[in-house]
Amino acid sequence: MNITDLKPIFPEELFGDGPIIMAGPCSAESEAQVLAAARALSKNGIKIFRAGVWKPRTKPGGFEGIGTPALQWLAKVKSETGMLVATEVANRSHLVDAILAGVDVIWIGARTSANPFAVQEIADVLATLPQERRDSMAVFVKNPVNPDIELWVGALERIYNAGIRRLGAIHRGFTSYGKHIYRNPPLWRIPIELHRRLPEVKLICDPSHIGGKRELIAPLSQQALDMNFDGLIIESHCDPDNALSDAKQQVTPEALAGILYSLQERRATVSTESLQQLRQQIDRIDDELIDLLARRMRVSREIGTYKKEHGMPVVQAGRYNDLMQKRVDDAVKLDMDAEFMRTVLAAIHEESVRNQVEICSPEASVEK
């Protein structure tokens with residue numbers, strides 16, 4: 001994937017140096033609802049109107065969207081307000097209908113991006129379009145529902161290989177089991193890694209789906225901008241409490257205007273001497289961490305040798321659980337996040353176990 005030949009997602013005059021903002025209702029429910037939201041958003045300066053036409057629901061029986069007829073409402077938004085229009089596609093027929101209706105921006109949803117067959121089906125249709133049509137449309141790929149960066153990168157590569165050069169990624173968080181503050185925990189390290197690998201691909205945050213609650217949209221949006229995301233896609237409905245899908249995570253156009261006004265876009269500036277000194281401290285500490293981890297793994301291998309000689313199992317769950325809790329409690333006392341420390345300790349333990357299993361395996365006894 002030669003990202004150096006990617007084009008700007010949108011004309012520079014559309015957003016200038018500011019963040020890209022896409023907004024609109026989760027679902028296109030009626031022509032009146034769509035046009036009311038678009039007019040209000042356009043009045044507040046939003047230039048890209050988003051609305052779901054086909055809505056994948058986890059369980060049957062929910063509102064699954066109006067479907068193809070709703071595309072005509074998006075076309076009317078485009079002609080009346082001059083906004084670009086965006087919608088999600090999940091298969092070949094969705095994409096064909098969206099293209100015929102003149103949709104400017106499509107995105108591939110989290111469930112679809114997790115399925116390489118479905119993404120390739122969409123890519124195959126894109127590859128058949130005239131070059132001028134491929135050059136004019138923007139395609140965004142949401143992260144897969146599961147935290148697999150390779151699936152995300154692979155989906156982007158499939159769309160790129162189809163000849164799309166206005167290419168972006170949308171971070172909407174990741175599905176997890178159990179109760180959490182967020183509907184889809186953000187796991188920020190994954191989009192940050194994607195941006196490191198593909199710096200020319202525009203990275204947009206979806207705080208509506210990450211948070212699942214309208215009161216979380218503002219803080220999540222600020223976090224995303226603080227991490228140098230290129231923009232936001234936010235669900236906005238004129239009567240969110242009575243929306244047919246995802247009511248709790250939608251805000252009115254007026255509330256959205258207030259959120260956007262409150263956001264601070266922190267620009268990168270020239271590094272000062274003080275900042276350079278702090279970064280040098282970080283570099284030295286990182287070197288120390290690597291040295292400490294290497295020493296820890298050496299001790300782990302010695303423990304593996306001892307366990308092998310005495311016929312002991314590699315993993316002793318009781319000790320691990322006790323130590324994990326103690327270390328997490330100690331970290332919290334030092335103002336560190338408990339979940340962060342669990343992640344770090346789990347990774348260290350996994351590597352220790354791998355080393356010990358390698359030592360204790362029968363193959364390790366065979367002389368080479």
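This briefing walks through the main features of the structure above, topic by topic. The model is a predicted one. A good place to begin is its largest nonpolar core, which has 71 residues. From there we move to the strands that pair with one another, then to a helix with a buried side, and lastly to a serine and some cysteines.

**The nonpolar cores**

- Within the 71-residue core, the residues with the most contacts are Phe49, Leu126, Leu156, Ile159 and Leu194.
- Helix H8, spanning residues 149–161, supplies the largest share of this core, with seven residues.
- A second core of 14 residues lies apart from the largest one, and Ile9, Phe10, Met22 and Ile170 are among its members.
- Leu126 is worth a closer look: beyond its neighbours within four places in sequence, Leu126 is in contact with Leu95, Arg134, Met137, Val139, Ile159, Ala162 and Ile164.

**Strand S1 and its partners**

- Strand S1 covers residues 20–24, and five of its five residues are buried.
- Ile20, Met22 and Gly24 sit on one side of S1, while Ile21 and Ala23 sit on the other, and both faces are covered.
- On one pairing, S1 runs parallel to strand S8 (residues 231–235), and five bridges join the two.
- Within that pairing, Ala23 is found opposite Ile234 of S8.
- S1 is also parallel to strand S2 (residues 48–50), joined to it by two bridges.
- Here Met22 has Ile48 of S2 as its bridge partner.
- To get from S1 to S2, the chain passes through helix H2 (residues 31–43), making a right-handed β-α-β crossover.

**Strand S6 and its partners**

- Strand S6, made of residues 167–171, is largely enclosed by the rest of the structure, because five of its five residues are buried.
- Leu167, Ala169 and His171 point one way from S6, whereas Gly168 and Ile170 point the other way.
- S6 pairs in the parallel sense with strand S5 (residues 138–142) over four bridges.
- Lys142 has Ile170 of S6 as its bridge partner.
- The route from S5 to S6 goes through H8, and this β-α-β crossover is right-handed.
- S6 also pairs with strand S7 (residues 202–205), again in the parallel sense and over four bridges.
- In this second pairing, His171 stands opposite Cys205 of S7.
- The chain travels from S6 to S7 by way of helix H9 (residues 189–197), in another β-α-β crossover that is right-handed.

**Helix H4 and its buried side**

- Helix H4 takes in residues 92–100, and its buried residues are His94, Leu95, Ala98 and Ile99.
- These buried residues lie on the same side of H4, because they cover an arc of only 125° around the axis.
- As background, an α-helix has 3.6 residues a turn, so residues three or four places apart point the same way.
- Several elements help to cover the buried residues of H4, including helix H3 (71–81), strand S3 (84–89) and strand S4 (105–108).
- Helix H6 (116–127) and helix H7 (131–136) also contribute to that cover.
- After H4 comes Gly102, which has a positive phi, near 80°.

**Ser300 in helix H13**

- Ser300 belongs to helix H13, which spans residues 273–309.
- Is Ser300 buried or exposed? Its relative accessibility is 5%, so Ser300 counts as buried.
- Setting aside residues up to four places away in sequence, Ser300 touches Ser352 and Gln356.
- Ser300 and Asn143 are 157 residues apart in sequence, and their C-alpha atoms are 36 Å apart in space.

**Cysteines**

- How many disulfides does the whole structure contain? A search finds zero.
- For Cys238, the nearest cysteine sulfur belongs to Cys26 and is 14 Å away.
- Cys238 has a relative accessibility of 40%, so Cys238 counts as partly exposed.
- Cys360 has a relative accessibility of 25% and therefore counts as partly exposed.

How values were computed:
Residues numbered from 1 in each chain as written. Predicted model: local features only at pLDDT ≥ 70, side-chain atom pairs only at ≥ 80, totals over all residues. Heavy atoms only, no water. Core = buried A, V, L, I, M, F, W, Y, C linked by side-chain atoms within 4.5 Å. Buried < 20%, exposed > 50% of the residue type's maximum accessible area, 1.4 Å probe, protein only. Contact = heavy atoms within 4.5 Å. Disulfide = S-S within 2.5 Å. Arc of directions from axis to C-beta. Pairing = 2+ DSSP bridges. Right-handed = clockwise from strand over helix to strand, strands pointing away.
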